[in-house]
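Visitor: I'd like a close look at one single part of this protein, and then at the spaces and packing elsewhere in it. Could you walk me through it slowly?

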Amino acid sequence: MDDDPQQLAKRLARENRTLMQQREVDLERSLGNFRVGSVPYLNAVPLTRGIEDQVILATPAKLAEMLQRDELDAALVSITEVLFTDRYDVLDAVAVASLGEVKSVFLAHRRPLEEAKEIFCDTASLTSVQLLKVLLGERGIKPEFKPLPSYSQSEMPDFALLIGNPAIDFLRGSPSHEIWDLGTAWYEMTDLPFVYAVWALRRAIDNKPLRTKLREAKEFGLDTLDYVISSRTEYDLEFRKDYLGWHIHYHLGSDEKRGIARFAELLRKHGDRPVFETKYVS
């Protein structure tokens, strides 16, 4: 006799749980001797699903330093790290990106943008600083950029670039500053997604098994995104749903690559550093 719909649904759910558990087991200890780094931000969690215990966590700037010293074989780094350094390949199909408002990368300002003479920046991410420089440069605004000494609400300067979880904390603290979301500003200017971070892979090593596992971790993270959202403890559930399910996406496709190419073009226009072509590997 065929199962009734309720029994069938329970059986399918049980089989799916078993499959997910097996995928998680397969990812455990799967990186072998490869050294991998990622950022300690909520938006990166889905990309390291199943391999969390094998990954070194550090800021984007610190990860970039470790890559440059060959202390890592791969790291989830700011896109500028691969644009400014011709020694890495980019893992295709995986990124941290937004199409419009991102919520965790913004300029907090008390006065109009046109009055910005100096901007204090969280130096953890070079990409955010360069993105802000490009966005303001296109408006004819060229302030001086300085390190942000503190995230304290009471000590926040008139113009401050904030990123990551500390930026979200600031945003949720009902700040007196106005918020200029850089993801929104980029989309309004280009009609393209902005890619904040990618998997940078050290060249001259056989990393095909590593590439496979990083893609599998991303697929597992997206297939279990509801679990990731419900099981994390950062902020509240509704915020996590909104942030991870809507503002951030993890695909690196043709539109995202066009966004990277456009960013590279504007970096050449407004910067004074060599910008290299992005080399993707699958």
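Visitor: Leaving aside its neighbours within four places in sequence, which residues is leucine 244 in contact with?

Guide: Before we start, this is a predicted model: local features need pLDDT of at least 70, side-chain atom pairs count only at pLDDT 80 or more, and totals for chains, interfaces and linings use all residues. Residues are numbered from 1 along each chain as its sequence is written, and side-chain values use heavy atoms, with hydrogens and water left out.

Now to your residue. Once the neighbours within four places are set aside, leucine 244 touches Leu42, Asn43, Leu225, Val228, Ile229 and Tyr250, where contact means heavy atoms within 4.5 Å. Leucine 244 sits in helix H9, residues 237–247. (Helices, H or I with at least four residues, and strands, E with at least two, are DSSP runs numbered from the N terminus.) Leucine 244 has a relative accessible area of 1%, so it counts as buried. For that label, buried is under 20%, exposed is over 50% and partly exposed is in between, with a 1.4 Å probe and protein chains only. For a sense of distance, the C-alpha atoms of leucine 244 and phenylalanine 194 are 16 Å apart, with their places 50 residues apart along the chain.

One of those contacts, Asn43, leads us to the empty spaces. Asn43 is among the residues nearest the centre of the largest cavity, together with Tyr41, Ser125, Tyr196 and Ala197, in a lining of 19 residues. (On a 1 Å grid over the protein atoms alone, a cavity is a set of points where a 1.4 Å probe fits but cannot get out; a pocket is an open set with protein on both sides within 12 Å along at least five of seven lines; lining residues have an atom within 4 Å of a point.) This largest cavity holds about 220 Å³, a volume being the space filled by probe spheres set on the points, which are joined across faces, edges and corners. Strand E3 (74–78), helix H4 (126–137) and strand E10 (194–202) each give at least two lining residues, and E3 gives the most, with three. By class, that lining has twelve nonpolar, seven polar and no charged residues. (Ala, Val, Leu, Ile, Met, Phe, Trp, Tyr, Cys and Pro count as nonpolar, Asp, Glu, Lys and Arg as charged, and the others, Gly among them, as polar.)

There are two cavities of 30 Å³ or more. The second largest is about 40 Å³, and its lining includes Tyr88, Arg203 and Phe276. That lining splits into four nonpolar, two polar and five charged residues.

Next, the pockets. Ser125 turns up again, as one of the residues nearest the centre of the largest pocket, along with Ala61, Thr123, Leu126 and Arg273. This pocket has a volume of about 250 Å³. Helix H2 supplies the largest share of its lining, four residues. The second largest pocket, about 170 Å³, has 13 lining residues, with Val39, Val45, Thr48, Leu57 and Arg232 nearest its centre.

Last, a bit of helix packing. The axes of H6 (182–190) and H10 (254–270) come within 12 Å and cross at roughly 90°, so the two helices are roughly perpendicular. Trp186, Met189 and Thr190 of H6 meet Gly259, Arg262, Phe263 and Leu266 of H10. (Axes are lines fitted to C-alpha atoms, for helices over the stretch in contact, with angles from 0 to 180 degrees between N-to-C directions; under 35 degrees is roughly parallel, over 145 roughly antiparallel, 65 to 115 roughly perpendicular and the rest oblique.)
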